[in-house]
Amino acid sequence: MRFPRSSGLLMPVFSLPNDHGIGDLGEAAFRFVDFLQSAGQSLWQLLPMGPAARGNSPYSSYSAFAGSPLFISMPELVQLGLLTQQDVEDNARSTAGNTAPESQEQRPPVDYAAVRQSKKALLHRAFQAFQNNDQSDLRQQFENFCQTKAEWLQNFVLFEALAIEQDDFDWSHWDSDLAGREESALLAAADRLADEMQFSRFEQFLFHKQWHALKEYANARGIRIYGDMPIFVAYESVDVWANQHLYQLGSDRRPTVVAGVPPDYFSETGQMWGNPLYAWQQHADLDYSWWIRRLKQALESFDLLRLDHFRGFESYWQIPAAAKDATSGQWQPAPGDALFGAVRKALGDVPIVAEDLGLITEEVHQLRARVGFPGMRVLQFGFEHQHDAYHRPECYPEDSVAYTGTHDNETLMGWFNRRLAEGTSQKLISPLLSSPSDGIHIDLITAVAKSDAHTVIFPVQDVLGLGNEARVNTPGEPDGNWEWHCPSGVLTTELATLLRRLSSDAGRT
């Protein structure tokens, strides 16, 4: 599939600026679309938006199909008659709590526990109003949603209701008849938890209703939505519970091996992610139907899709579940061509970007070329070694998506200032610095924008010139991630004008 020459920004939904403790699908999201349009951008890249299983990571969700209720906009529910304006104002005050006032450069980080508590209370209030309200149109929309999404929704709402009842998302700790999905136990649970399941359906309905309204608004303004799909799912997920035969589990229903990567740029001992690994032969026996359903829904929600950890589709790092770190893992073959051939047969040409970072072999490059997906290049990786120019802007091929950095990197200025302090790579970087009046970060962004890559993406923190206080994620660090909340008022008309000029000069408007 051919990609147009374009540029865009990476802004996670949770980072959008608002007064409700976390970014959501409401007013700030629509205004960000307006900013992208005025800035001459045509792409908005997001991180995954599923409900987090642990650590608030968007890459560890307890459903590959559901959306996170944390992203539901409460003010939007006032317009539906499900909340009052007073409800929303009280929630904003309670969420602000004891946090210090935001500065122009920094807003207090997302407090997931506080946001989860306050939003859940409001959503329950909205659910009561929905049940008591005779809005036939809204109720019909709800019924249509439940019917259309029943294939994944029924298992999801039962899993979520059970996890809340058991106070444990680790389903292997549940009674054996529930963990083993015995029909009588599931029927009894569905009867017992009917109200909780209906509330869960209501949350998913609201999320998807708001999301598709936002996507429609963006598309109408020439903005394509660039989604992100993790290769793996969390063990504590409905996906594993409902499809245990599709994962490498032992007789105790626990993973025998888990996912990760060997030592690399980010970690000397590698990364042990802990996700269960797929039983690929079982997927093949079913013509990869689970993957096809997953990709089909994703491509209904997004205009193009970043497939995380693409190298895991050629071969994956298999780590014994009892290991202390990732160093004892080994590579195992993955289905590659067979999987993507089945996807193409079912869905046609799909607009997918392969995240091919890390220890990439020639076999991975060949797989990516055969299936026709562009790969990624990252500026920050281009200056580690004098003779390795693979990630430098002058070497980007047209068939690639180029970044100043990803959500796993330092911010651009955090990276540059560290390199400056270390006194390394200055001779390599200095040729990219030409217009100090706009700032070093703009020089580096310009170098990427003027490259041959057909698509370029810049994290919002990079266009703002922020340091590592605005970093989204530090791989291997369990705490302090996914919390950056963009300050209000920093996405200015002046910045939009600068980005539009930069994109125009690079032939990307």
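1. Packing of α1 against α19. In this predicted model, helix α1, residues 27-38, packs against helix α19, residues 493-505, at an angle of about 45°. The two axes lie 8 Å apart. An angle of about 45° makes α1 oblique to α19.

2. Residues between α1 and α19. On the α1 side the contact involves F35, Q37 and S38. These meet L495, A496, L499 and R500 of α19. Sorted by class, the residues of this contact are four nonpolar, two polar and one charged.

3. Crossing of α15 and α17. Helix α15 covers residues 412-422 and helix α17 covers residues 440-449. Their axes come within 10 Å and cross at roughly 105°. Since angles of 65 to 115 degrees count as roughly perpendicular, α15 and α17 are therefore roughly perpendicular to each other.

4. Residues between α15 and α17. From α15, the contact is made by L412, M413, W415 and F416. From α17, I440, H441, L444 and I445 take part. The class count for the contact of α15 with α17 is seven nonpolar, one polar and no charged residues.

5. Cavities in the model. How many cavities of 30 Å³ or more does the structure hold? There are two of them. The largest cavity contains about 370 Å³ of space, and the second largest contains about 110 Å³.

6. Lining of the largest cavity. A total of 28 residues line the largest cavity. Those that lie nearest its centre are M49, G50, A64, A66 and F302. By class, the lining of the largest cavity divides into 16 nonpolar, nine polar and three charged residues.

7. Elements around the largest cavity. Helix α9 (194-220), strand β3 (224-229) and helix α12 (289-301) all contribute to the lining of the largest cavity. Each of α9, β3 and α12 supplies at least two residues. A reader tracing this lining in the structure can look at these three elements along with the five residues named as nearest the centre.

8. Lining of the second largest cavity. With about 110 Å³ of space in the second largest cavity, which residues lie closest to its centre? They are T406, H407, P459, Q461 and V472, out of the 14 residues that line the second largest cavity. The lining of this second cavity comprises five nonpolar, six polar and three charged residues.

Conventions:
Residues are numbered from 1 along each chain as its sequence is written. This is a predicted model: local features need pLDDT of at least 70, side-chain atom pairs count only at pLDDT 80 or more; totals for chains, interfaces and linings use all residues. Side-chain values use heavy atoms; hydrogens and water are left out. On a 1 Å grid over the protein atoms alone, a cavity is a set of points where a 1.4 Å probe fits but cannot get out, and a pocket is an open set with protein on both sides within 12 Å along at least five of seven lines; lining residues have an atom within 4 Å of a point. Grid points are joined across faces, edges and corners, and a volume is the space filled by probe spheres set on the points. Helices (H or I, at least four residues) and strands (E, at least two) are DSSP runs, numbered from the N terminus. Ala, Val, Leu, Ile, Met, Phe, Trp, Tyr, Cys and Pro count as nonpolar, Asp, Glu, Lys and Arg as charged, and the others, Gly among them, as polar. Axes are lines fitted to C-alpha atoms, for helices over the stretch in contact, and angles run from 0 to 180 degrees between N-to-C directions. Angles under 35 degrees count as roughly parallel, over 145 as roughly antiparallel, 65 to 115 as roughly perpendicular and the rest as oblique. Contact means heavy atoms within 4.5 Å.
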